[in-house]
Amino acid sequence: MRAIVVREFGKPDVMKLENVPTPTPGPSQVLVRIRAVGVNPVETYIRAGTYARKPNLPYTPGSDGAGDVETVGPEVKDFKHGDRVYVAGDNIALTGAGTYAEYALCSPAMLHRLPPKVSFAQGAAMGVPYGTAFRALFHRAAAKPAETVLVHGATGGVGIAAVQIARAYGLTVLGTGGTDHGIEIVKQNGATAVFNHKEPNYLEKVMEATGGRGVDVILEMAAHINLDKDLSLLGKFGRVVVIGNRGRLQMHPRPAMGRDAAILGMTLFNPSPAELASIHAALVAGLANGSLSPVVGREMPLGDAVRAHEAVLEPGALGKIVLVV
């Protein structure tokens with residue numbers, strides 16, 4: 001089979017498309033024919049060798065994907081050949097072989113039903129973006145219906161996922177973006193109002209949209225730029241969940257003190273198996289009833305993984321970048 005292989009940590013061009021043996025599932029494993037792969041920023045940090053968790057070399061990147069079940073081990077009862085699934089799990093930690101490949105070995109816990117009306121590309125956009133958004137909203141921020149959430153950086157994969165999930169659960173959703181097209185897409189996906197973060201007075205507009213009360217929850221994709229400003233947008237007892245950050249910052253804690261505010265970090269590596277199961281039970285239901293519909297901004301062939309790793313870190317992302325196998 002064809003797979004992207006990383007034999008040394010470094011720049012994107014360390015990823016090579018190679019022919020490697022097709023894996024054989026063990027008694028409790030499932031072999032999935034990968035049709036589409038979700039590209040996530042965390043995979044660029046792992047590839048560069050700067051992330052806290054490093055796989056053993058060589059390895060194939062990727063934790064997200066979608067496809068159909070090829071074969072199952074004799075102990076697997078819940079899946080069979082031909083089942084449509086999306087993959088959400090840390091394949092690298094288990095096998096050293098991720099989803100940037102034509103086939104991937106998975107445990108049944110990594111696999112989730114993909115409704116017929118959902119494309120493989122959309123399924124590949126589920127794992128990290130939608131899992132992160134759900135956990136940030138409900139496991140970390142404990143968001144509740146009728147609260148107001150600001151998705152600060154709403155045009156990317158996690159941002160659009162958060163807008164859709166929050167709206168489906170009855171929250172009022174505000175968002176920010178940097179282009180007219182991106183702002184329109186966020187509105188189409190359920191945001192009540194979206195503000196251009198390139199405008200000098202956009203923070204004042206956010207506050208005006210809440211009647212001066214402030215927001216209850218902020219999901220922050222670029223804490224190194226926005227966290228200090230976020231605190232002034234919170235209402236009393238507000239919460240900021242830091243989803244993304246690319247550097248150090250200086251901030252003043254007093255706005256948090258006066259509001260009894262909380263700054264919460266998160267990673268998708270920390271949930272328990274039970275928490276992960278609850279996340280994906282909700283996401284599969286959202287896919288089935290149509291309240292969740294991943295936006296795929298760009299599809300690229302598997303051999304363009306190098307370019308995909310460059311593109312996923314560029315500003316102005318719209319939706320999810322997917323590699324088509």
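This is a short dialogue on reading helix packing, a pocket and two backbone features in a predicted model.

Q: At what angle do helix 4 and helix 5 cross, and how is that angle read?

A: In this predicted model, the axes of helix 4 (residues 127-140) and helix 5 (residues 157-168) come within 8 Å and cross at roughly 55°. Angles from 65 to 115 degrees count as roughly perpendicular and those under 35 degrees as roughly parallel, so that helix 4 is oblique to helix 5. The crossing of helix 4 and helix 5 is right-handed.

Q: Which residues make the contact between helix 4 and helix 5?

A: On helix 4 they are Pro-129, Tyr-130, Thr-132, Ala-133, Phe-134, Leu-137 and Phe-138, and on helix 5 they are Gly-157, Val-158, Ala-161, Ala-162, Gln-164, Ile-165 and Ala-166. Sorted by kind, the residues of this contact are 11 nonpolar and three polar, with no charged ones.

Q: How is helix 4 placed against helix 10, oblique or perpendicular?

A: Helix 4 packs with helix 10 (residues 273-289) at an angle of about 110°, and their axes are 10 Å apart. The two helices are therefore roughly perpendicular to each other. Helix 4 brings Gly-127, Tyr-130, Gly-131, Phe-134, Arg-135 and His-139 to this contact, while helix 10 brings Glu-275, Ser-278, Ile-279, His-280, Ala-282 and Leu-283. The residues of the contact of helix 4 with helix 10 divide into five nonpolar, five polar and two charged.

Q: How is empty space found, and what volume does the second largest pocket have?

A: Where empty space is left can be shown by rolling a probe the size of a water molecule over the atoms. In this model, the second largest pocket has a volume of about 170 Å³. Its lining consists of 14 residues, and those nearest the centre of the pocket are Met-1, Val-20, Pro-21, Thr-60 and Ala-97. By kind, the lining of the second largest pocket holds 10 nonpolar, two polar and two charged residues.

Q: Where is a cis peptide bond found, and what is its omega?

A: Such a bond joins Leu-57 and Pro-58, where omega is about -10°. Pro-58 is placed in the loop between helix 1 (41-48) and strand 4 (64-72).

Q: Which residue has a positive phi although it is not a glycine, and where does it lie?

A: That residue is Ala-146, with a phi of about 85°. Ala-146 belongs to the loop between helix 4 and strand 8 (148-152).

Technical notes
Residues are numbered from 1 along each chain as its sequence is written. This is a predicted model: local features need pLDDT of at least 70, side-chain atom pairs count only at pLDDT 80 or more; totals for chains, interfaces and linings use all residues. Side-chain values use heavy atoms; hydrogens and water are left out. Axes are lines fitted to C-alpha atoms, for helices over the stretch in contact, and angles run from 0 to 180 degrees between N-to-C directions. Helices (H or I, at least four residues) and strands (E, at least two) are DSSP runs, numbered from the N terminus. Angles under 35 degrees count as roughly parallel, over 145 as roughly antiparallel, 65 to 115 as roughly perpendicular and the rest as oblique. A crossing is left-handed if the near helix is turned anticlockwise from the far one by less than a right angle, and right-handed if clockwise. Contact means heavy atoms within 4.5 Å. Ala, Val, Leu, Ile, Met, Phe, Trp, Tyr, Cys and Pro count as nonpolar, Asp, Glu, Lys and Arg as charged, and the others, Gly among them, as polar. On a 1 Å grid over the protein atoms alone, a cavity is a set of points where a 1.4 Å probe fits but cannot get out, and a pocket is an open set with protein on both sides within 12 Å along at least five of seven lines; lining residues have an atom within 4 Å of a point. Grid points are joined across faces, edges and corners, and a volume is the space filled by probe spheres set on the points.
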